[in-house]
Amino acid sequence: MTQQTVDRRQFIVSVALAAGGMALGIVPAAARERAGAQGPWATDDPGATELSPWIEIARDNTVTFLVPTPEIGNGAMTQAAMNITEELACDWSRVKVEFCSIRRNYMEHGVYDSGFLPFFGGHGTDKVRMHHELQLGASARERLRTAAAQHWGVPLATIEAKDSLLTHTPTGRRLTYGEVATAAAKVRLASEPKLKSPDQWTFLGKASPSKLNIPQIVTGKAVYGIDVQVPGMVYAALKQSPVQGGKLKSHKPEAVLGMPGVRAVVVIDREKTPGTPVPGKATWGYSTNQLQSGVAVIADHYWQAKTALDALPVEWDAGPGAKWDTVEQIYGAARALHDRPGGKVLRESGNVDSVTDGRTVQGTYSTPYCENAAMEPLNGTAVVTKDGAEIWCPTQDLLQAYWVAIDESGMRPEKVRLHECYVGGAYGRRTQADDVRVVIAIAREYPGVAVKTIWSREECFQQGRYRTPITTQFKAVLDERGYPRAVTGKAVFVGTHPLFQLPLGYSDVPYFTSGIIPNVRLSAASLPVNILDGAFRGPCYNSHAFLVETFIDECAAAAGIDPLEYRLHLVSRWDKSWGDCLRVAAEKAAWGRPLPPGEGRGIAITSWPNGAIHNFGTIICAVAHVKVTRRGELEVKQLDYAFDCGRVANHDAVRAQIQGGAIFGMNVALNEQLTVKAGEIVERNFDHYPMLRLGDKLPQVNVHFDALSGYKRWDIIGESPVGPVGPAIGNAIFRATGKRLRTTPFRDHDLSWT
Amino acid sequence: MTAVRLRVNGAEHEVDADSSTPLLWVLRDHLGLTGTKYGCGIGECGACTVHLDGTPVRSCMLRLATLAGADVVTIEGLSDKGGHVLQRLWAEMNVPQCGYCQAGMLMAAAGLLKRNAHPSEDDIDAAISNICRCGTYPRIRAAILRAADAGSAPEAGSPEKS
């Protein structure tokens, strides 16, 4: 550990921790308000301000935390603040949070850089960063206590720190944190304070505060990317090749340049990308976010830009993607790969070819293209001059966005300023920064003026980076008891990029890894297509969960064994959590209690992100109770979830993520699919892409905390619930109707029964 | 371009914009009221819900030309400093996730309570057709029911969650 004194006006001590930095400073409240006046982002001028990197205590006792994690709806920002608050012992009602400056991180050599994916929106309880945040809070608290002891000339042990107050316990004298912060910042500690053990926590795991930005959300004041206002700002409406991979052939700007408010028509072309001038450090690299050929109209107002774009004559060269007449043709080509050699073997044990005797269960299970459909359409605002670039955007990953902005502007990193806004949903869509690249590319063509580019909803649908469709052929040979002696799986990913061909939820499932099935061979191949796939809440896991858990349910049915009992056996050689989650969810859902005809319960269990590591990730089980009328109308009456993420830091936040994830995953299973015509995505808005609403008889979603193992981890929650809900509903439909659904969406199936 | 006079959140405005401009973009681009959100542009999602003459409407479907003399209330004008019972319960019950759709949800819910102070679950489900991709529907319903139970002015601050 090193210490240094930073000589700035009111800015005091900087303690460099292992993987980043901390500083405690005091700033006048007015200065703080100016810094954060326009949006939720922090100032990003190191050296030009007295503000400190992580914790700022204002004279009025307001505590501001500057955090690296975006806020995409899961409360990662609030969680970071909770972590610091636990040790700082500050008054939660006076806590504010802002997004740190990623440029400052670069220029100050990683002051915010700690833990796994430090600038990613999904990890509020990352182990390393959580520890760092606790240490920051403890370190600041001890400096404040020391300063108070020095102020009164009393022993340190007599000072209590609580709720942003320092009390001299023998006399009851008090000082606020704000009153001593300046002095505290001059304190040097002989050593960093020891942290409380988790069982001494009074806030983490105990309190369930609502997200800190809700007061802004409910008054319309929260600044999402689309809400950014920059003086002199103009607007751009965007159209990229409707067949992904196609190219702009011709367009006639003169046809629209005379329309009201229109300023320019610009072309988006990846040949113009300058590239980063220094070696880049983008989280996910640059290959997933290259420009797609397109055109944009820039005007004084968005409606003018959109109106002119709609009137702009454009011709496209569709390219090779046009060969796909229908989406069925694509899926057919993927299924054809099941019978061809050459797939990559992901897991192999025993010898599946040696097992020939026994009852066989075989089927092909598939998931379709889906669109992330975040409610905030893709957007961003940028100004590019010869001296630098500045961008305001709702990204899921600041580091990725920053380096893509550098790559597309060609500017050196210190000349690129990027301001994080609130994110109006993302579910993976805003991880790769392809949106940021387009925003910069357009602004670069209209230099010196801030340009806000907004994708229309139709453009979002046509230019998605869609859920990777997967089709898997499974075959099991059952032993005399009915359990698999051998399982063969052949998965085919539809898409080109290796980053989105993840085996999570497939080759890491304990059924296949724990040895309970002696002979296993799981392989994967991929089908190149023009349509771009990407991250979709729990990438690939959201498909594998359905494919695997439907297949296993079919095995149980073929064996004539209760699906709960069947799974309990298949997880019996792995972590106890799996059995606990199954048992708790089943018991709470009254598993086994008789139901009237046309009703059924189904069960499924999954884990994110990797089931093959002991005591890792979130194991999660769902039981669905459905009712299907004879005419085939489906109602999901109830969902019961049991899960194990180790421990829970904010119970209500976890409950909210599971409730919401259940409905998200249910919509995926029941409703969602994109189709293709001549290489283009057909569905372009919510009128052709049904979304569950309050009027759709939504199920009661019960979240049970009884399967928590207490193992010392606070693992991620948001992705996990989308896994088991689809197969649980599908398996329940089978029990209710006798119909086995091997593909989603379920609305495509005739569920009528007699 | 024609100048159209309308009242927004109690203040008179004269908007000089293309007459085809939807109210949504009048509010956002011309009046700087960005609390009202663009979600679909075709009246499907409800993110742009505002009150027109006291009734919830999809502002993306209303053209400026038709709005002379209209009285519009947006999320910014729903209450003074976020004091509407629904706003308070939304925070207390941790309703929003990403929050982007919630201005529209709140305007739809406030409109419902205005015409039906004690809606049943079915009334709520029938009245609110807005889309929330995060899936906050159960909490939205619970918060509206609690607002109805509480009458017009419940005490804020109860720590109870749904």
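This talk covers the contact between chain A and chain B, the salt bridges, and the two domains of chain B.

Some ground rules come before the results. This is a predicted model, in which local features need pLDDT of at least 70 and side-chain atom pairs count only at pLDDT 80 or more, while totals for chains, interfaces and linings use all residues. Residues are numbered from 1 along each chain as its sequence is written, chains are lettered from A and ligands numbered from 1 in the order in which they are written, and side-chain values use heavy atoms, with hydrogens and water left out.

I start with the interface between the chains. On the chain A side 59 residues are in contact with 56 residues of chain B, where contact means heavy atoms within 4.5 Å. The buried area here is about 4700 Å², with 56% of it from carbon and sulfur atoms. Buried area is the accessible area (1.4 Å probe) that two parts lose on being put together, summed over both. Of the area that chain A buries against chain B, Trp303(A), Met375(A) and Leu694(A) supply 18%, more than any other three residues.

How many salt bridges does the rule find across the interface of chain A and chain B? The count is 5, a salt bridge being a side-chain nitrogen of Lys or Arg within 4 Å of a carboxyl oxygen of Asp or Glu. Glu672(A) and Arg133(B) form a salt bridge, with their closest N and O atoms 2.7 Å apart. There are also 30 residue pairs in polar contact across this interface, both residues at pLDDT 80 or more. A polar contact is a pair of N or O atoms within 3.5 Å; within protein, one must be able to donate a hydrogen and the other to accept it, and residues adjacent in sequence count only if both atoms are side-chain atoms.

The elements of chain A that give two or more residues to this side are α6 (214-217), α7 (302-311), α11 (457-462) and α16 (651-670). Helices (H or I, at least four residues) and strands (E, at least two) are DSSP runs, numbered from the N terminus. The largest share, 11 residues, comes from α16(A).

Next, salt bridges in the whole structure, where the search finds 44 over all chains. Lys272(A), Asp407(A), Glu408(A), Arg437(A), Arg444(A) and Glu445(A) are linked in a network of them. Within that network, Arg444(A) and Glu445(A) meet at 4.0 Å, N to O. Arg444(A) counts as buried at 17% relative accessibility, whereas Glu445(A), at 30%, is partly exposed. Buried means under 20% relative accessible area, exposed over 50%, partly exposed in between (1.4 Å probe, protein chains only).

Asp553(A) and Arg567(A) pair at 3.0 Å, N to O. Asp553(A) sits in helix α13 (residues 541-559) and Arg567(A) in helix α14 (residues 563-570), 14 residues apart. Both are buried.

In chain B, Arg141(B) and Asp125(B) form a salt bridge at 3.1 Å, N to O. Arg141(B) is in helix α5 (residues 137-150) and Asp125(B) in helix α4 (residues 121-127), so the pair ties together parts 16 residues apart in sequence.

Last, the domains of chain B. The assignment, automatic or from a database, gives domain 1 (2-77) and domain 2 (85-150). Their centres, taken over C-alpha atoms, are 21 Å apart. Between these two domains the buried area is about 1200 Å², 60% of it from carbon and sulfur atoms. The rule finds 0 salt bridges across this interface, but 6 residue pairs are in polar contact.
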